[in-house]
Amino acid sequence: MFLEGQGWGFGGSVDINRTNPWNTPGRYGWVGGTGTAAHVIPATGAVTILLTQVAATGPVPAPVIREFWRYAANA
């Protein structure tokens, strides 16, 4: 489901459960339908920004976005 493990507020999503390796509780950000993503993790000070031209075709982010998050979570 869209936003599974996340809440919504102040214009973006907030991770509330660790449903994937990159879903850190407290992570706040946005995933746009045209392949952009930006998140902030206040607990670590990490900021991730991804700009692509891969449009969303459904509620699950494109593989390139998921791989970017996976890499960022392990950095």
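**Arg27, Trp69 and their partners**

Arg27 is buried, and Asp15 is buried too; buried here stands for under 20% relative accessible area, exposed for over 50%, and partly exposed for what falls in between (1.4 Å probe, protein chains only). Keep in mind that this is a predicted model, where local features need pLDDT of at least 70 and side-chain atom pairs count only at pLDDT 80 or more, while totals for chains, interfaces and linings use all residues. Numbering runs from 1 along each chain as its sequence is written, and side-chain values use heavy atoms, with hydrogens and water left out.

So what joins the side chains of Arg27 and Asp15? They meet in a salt bridge, at 2.7 Å from N to O; the term covers a side-chain nitrogen of Lys or Arg within 4 Å of a carboxyl oxygen of Asp or Glu. Asp15 sits in strand 2 (12-15) and Arg27 in the loop between that strand and strand 3 (28-31), so the pair ties together parts 12 residues apart in sequence. Helices (H or I, at least four residues) and strands (E, at least two) are DSSP runs, numbered from the N terminus.

The count comes to 2 salt bridges. Glu67 and Arg70 form one of them, at 2.6 Å from N to O. These two are 3 residues apart in helix 1 (residues 63-74), which means about one helical turn separates them. Glu67 counts as partly exposed at 45% relative accessibility, and Arg70 is partly exposed as well, at 31%.

Now back to Arg27, which has a second partner to look at. Arg27 lies over the face of Trp69, 5.1 Å from the ring centre; to qualify, NZ of Lys or CZ of Arg must be within 6 Å of the ring centre and within 35 degrees of the ring normal.

Trp69 is also half of the 1 aromatic pair found in the whole structure. Its ring centre is 5.8 Å from that of Trp22 and the planes are at 45 degrees, so the pair is tilted. For the cut-offs, rings of Phe, Tyr and Trp (its six-membered ring) pair if their centres lie within 6.5 Å, with planes under 30 degrees apart called stacked, over 60 edge-to-face, and the rest tilted. Trp22 lies in the loop between strand 2 and strand 3 and Trp69 in helix 1, so this pair links parts 47 residues apart in sequence.

Both tryptophans belong to the largest nonpolar core, whose 5 residues are Trp22, Ala37, Leu50, Ile65 and Trp69. Such a core is a set of buried Ala, Val, Leu, Ile, Met, Phe, Trp, Tyr and Cys residues joined through side-chain atoms within 4.5 Å.
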